Amino acid sequence: MIVAFSVTPLGVGEEVGEYVADAVRVVRESGLPNRTDAMFTTVEGDWDAVMDVVKRAVAAVEERAPRVSLVLQADIRPGVSDGMTSKMETVERHLAGG
């Protein structure tokens, strides 16, 4: 399963990077394959492992913010591993004309 999610602290002002870093730190320390960009963090693994990481990332932000917003999108495809990489390789192959 691949999950793209965004955790946003509410009620802390406009500068939220420090709070988001707390969530990303949890993801990176999980050992699961992951990527972070300007909008989402993507993590890959089995259902329980991924949802545990999301829950802990939200909790890390919740420790310091009075309210937290979570946006989550999941690609649930049993039997597929390394989907984050293989999906992008397929797109790049098509972009290259192959």
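Contact here means heavy atoms within 4.5 Å. Helices (H or I, at least four residues) and strands (E, at least two) are DSSP runs, numbered from the N terminus. This is a predicted model: local features need pLDDT of at least 70, side-chain atom pairs count only at pLDDT 80 or more, and totals for chains, interfaces and linings use all residues. Residues are numbered from 1 along each chain as its sequence is written, and side-chain values use heavy atoms, with hydrogens and water left out.

**Exercise 1. List the elements of the protein chain in order.**

Solution. Start with the inventory: the protein chain has three helices and four strands. Now read from the N terminus: the order is β-α-β-β-α-β-α. For scale, the C-alpha trace spans about 50 × 30 × 20 Å along its principal axes.

**Exercise 2. Work out which strands pair, and how the sheet is ordered.**

Solution. Two strands pair if DSSP finds at least two bridges between them.

Step 1. Take strand β1 (residues 2-10) and strand β3 (residues 41-44): they pair in the antiparallel sense over four bridges. Here I2 stands opposite E44, and V3 has V43 as its bridge partner.

Step 2. Take strand β2 (residues 34-36): β2 pairs with β3 in the antiparallel sense over three bridges. N34 stands opposite V43. β2 and β3 form a hairpin, with four residues between them.

Step 3. Assemble the open sheet: its four strands follow the order β2-β3-β1-β4, with antiparallel pairing. β2 and β4 (67-75) each have a single partner strand and stand at the edges, so one side of each is left without a neighbour in the sheet. Neighbouring strands are turned by 20° against each other on average, direction ignored.

**Exercise 3. Describe how helix α1 meets helix α2.**

Solution. Axes are lines fitted to C-alpha atoms, for helices over the stretch in contact, and angles run from 0 to 180 degrees between N-to-C directions.

Step 1. The axes of α1 (residues 17-29) and α2 (residues 47-62) come within 8 Å and cross at roughly 150°. That makes α1 roughly antiparallel to α2 (angles over 145 degrees count as such).

Step 2. Name the residues: Y19, D22, A23, V26 and V27 in α1 meet V53, R56, A57, A60 and V61 in α2. By class, this contact has eight nonpolar, no polar and two charged residues. Ala, Val, Leu, Ile, Met, Phe, Trp, Tyr, Cys and Pro count as nonpolar, Asp, Glu, Lys and Arg as charged, and the others, Gly among them, as polar.

Step 3. Place α2 on the sheet: α2 lies across β1, β3 and β4, running at about 10° to β1.

**Exercise 4. Compare the span of helix α3 with the expected one.**

Solution. The expected span is 1.5 Å times one less than the number of residues. α3 (residues 83-95) has 13 residues and reaches 18 Å from its first C-alpha to its last, close to the 18 Å expected. Just after α3, G97 takes a positive phi of about 90°.

Methods. Parallel < 35°, antiparallel > 145°, perpendicular 65-115°, else oblique.
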